[in-house]
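Hello,

Here is the structure to look at before we talk. Please open it first, then read my notes below.

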Amino acid sequence: PYTLDDTNVARLCDQTRKLATALDVKGLMNVQFAVKGDDIFVLEANPRASRTVPFVAKAVGRPFARIAAKVMAGAALDSFNLGEGPIKGPRVAVKEAVFPFARFPGVDPLLGPEMRSTGEVMGLDRSFDAAYLKSQIAAGMKLPTQGVCFLSVRNSDKTAIMEPARGMLALGFTLIATRGTAEWLSANGIPVKPVNKVMEGRPHIVDLMSDGGVQLIFNTTEGAQSLLDSASIRQMATALGIPYYTTISGARAVTQAINALKTRPLEAGALQTYS
């Protein structure tokens, strides 16, 4: 669920090449694409560097900033033997954004279209689960290895959340969920205990969080009211440092990361280790 298929990768490479040629770019160009199904959307294309450049350079082991500077000074691009397409190899690089919400008590840590991150970190390893785990640790997120996982997901995510829910059970976690999510999971044979939303009266999920009864949260929302209802959960999670994931892909990834944390030692290595 984290990788584009080869066809779309080839299309992105082709479109990037055409954009760079049309803009007569020499050096670096920052392009942001959005992909939905088979549709590709260009969000922006800027003839400049970005903070993604050093990330990609480290991820694939190529000094792109140095090469770009030489190209801008007159060197021929084909003299650097960069090859075609993505670099293949036994390495996975995960980029995680670092947000400043913990410094502003009471602020709802809700993401929007504008950039709010104050930095980025990289997790690098030979497998996705270990690389993702490293990215979370580097971003200051302490993942639990036991305890209670709270789930509350929108209707369209109820089928998809079953995989991470079963994964958390297999890792020894206890599951609790809001009533609708709990009913769905129970009906599909997944043991879970229901808990009140804040609007349903006390004791509710925020009470449980403040008492130390929640160690991990999977929460997806849909619509203005749902976002408003879950604001206090997000604020409490930020205040207490409880890992909080708002997408199904995030829930899947952190489940794999916790499994890696519990089943094998985490290794640190230099960039050259994974070349």
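Start with a salt bridge. The side chains of D129 and R264 meet there, at 2.8 Å from N to O. D129 lies in helix α4 (residues 128–138), whereas R264 lies in the segment after α10 (248–263), so the pair ties together parts that are 135 residues apart in sequence. Are the two partners buried or exposed? D129 counts as buried, because its relative accessibility is 13% and the cut-off for buried is under 20%. R264 counts as partly exposed, at 37%. Keep in mind that this is a predicted model.

Now stay with the helices. How do α4 and α10 cross? Their axes come within 8 Å and cross at roughly 95 degrees. The two helices are therefore roughly perpendicular to each other. On the α4 side, the contact is made by F128, D129, A130, Y132 and L133. On the α10 side, it is made by G250, A253, V254, Q256, A257, A260 and L261. Note that D129 is on this list and also takes part in the salt bridge with R264.

Here is a rule for reading such lists. An α-helix has 3.6 residues a turn, so residues three or four places apart point the same way. Try it on the contact residues of α10, which include A253, A257 and A260.

**The whole chain**

Step back for a moment. The chain has 10 helices and 9 strands. Of its 275 residues, 34% count as buried. Consider the contacts in the chain with a separation of 6 or more: residues 24 or more positions apart account for 63% of them.

**Around K95**

The structure holds 10 salt bridges. K95 forms one of them with E120, and the closest N and O atoms are 3.8 Å apart. This pair links distant parts of the chain: K95 is in strand β3 (residues 92–98) and E120 is in strand β4 (residues 119–125), 25 residues apart. K95 counts as partly exposed at 34% relative accessibility. E120 is partly exposed too, with a relative accessible area of 31%.

Which residues share a network of salt bridges with K95? They are R51 and E120. K95 also has an aromatic neighbour. Its charged end sits over the ring of F55, 5.5 Å from the ring centre.

Another salt bridge joins the side chains of E44 and R48, at 3.7 Å from N to O. E44 counts as partly exposed, at 27% relative accessibility. R48 is also partly exposed, with a relative accessible area of 39%.

**Aromatic pairs**

The structure holds 2 aromatic pairs. In one of them, the rings of F218 and Y245 have their centres 6.5 Å apart. Why is this pair called edge-to-face? The planes are at 70 degrees, and over 60 counts as edge-to-face. F218 lies in strand β8 (residues 216–219) and Y245 in strand β9 (residues 244–245), so the pair ties together parts that are 27 residues apart in sequence. Both F218 and Y245 are buried.

**Helix α5**

Look next at helix α5 (residues 162–170). Its buried residues are M162, P164, A165, G167 and M168. What do they pack against? The partners are β5 (148–152), β6 (174–177), α6 (179–187), β8 and α10. So α10 meets the buried residues of α5 as well as α4. Just after α5, G172 takes a positive phi of about 95 degrees.

**Unusual backbone spots**

Most residues other than glycine have a negative phi, and most peptide bonds are trans. Three places in the loops are worth checking against that rule.

- D24 is not a glycine, yet it has a positive phi of about 55 degrees. It lies in the loop between α1 (6–23) and β1 (30–36). D24 is exposed, with a relative accessible area of 55%.
- N81 also has a positive phi, near 50 degrees. It lies in the loop between α3 (64–72) and β3. N81 counts as exposed, at 68% relative accessibility.
- R202 and P203 are joined by a cis peptide bond, with omega at about -5 degrees. P203 is in the loop between β7 (193–194) and α7 (205–210).

Best wishes

Notes: Residues are numbered from 1 along each chain as its sequence is written. This is a predicted model: local features need pLDDT of at least 70, side-chain atom pairs count only at pLDDT 80 or more; totals for chains, interfaces and linings use all residues. Side-chain values use heavy atoms; hydrogens and water are left out. Rings of Phe, Tyr and Trp (its six-membered ring) pair if their centres lie within 6.5 Å; planes under 30 degrees apart count as stacked, over 60 as edge-to-face and the rest as tilted. Helices (H or I, at least four residues) and strands (E, at least two) are DSSP runs, numbered from the N terminus. Buried means under 20% relative accessible area, exposed over 50%, partly exposed in between (1.4 Å probe, protein chains only). A charge sits over a ring if NZ of Lys or CZ of Arg is within 6 Å of the ring centre and within 35 degrees of the ring normal. A salt bridge is a side-chain nitrogen of Lys or Arg within 4 Å of a carboxyl oxygen of Asp or Glu. Axes are lines fitted to C-alpha atoms, for helices over the stretch in contact, and angles run from 0 to 180 degrees between N-to-C directions. Angles under 35 degrees count as roughly parallel, over 145 as roughly antiparallel, 65 to 115 as roughly perpendicular and the rest as oblique. Contact means heavy atoms within 4.5 Å.
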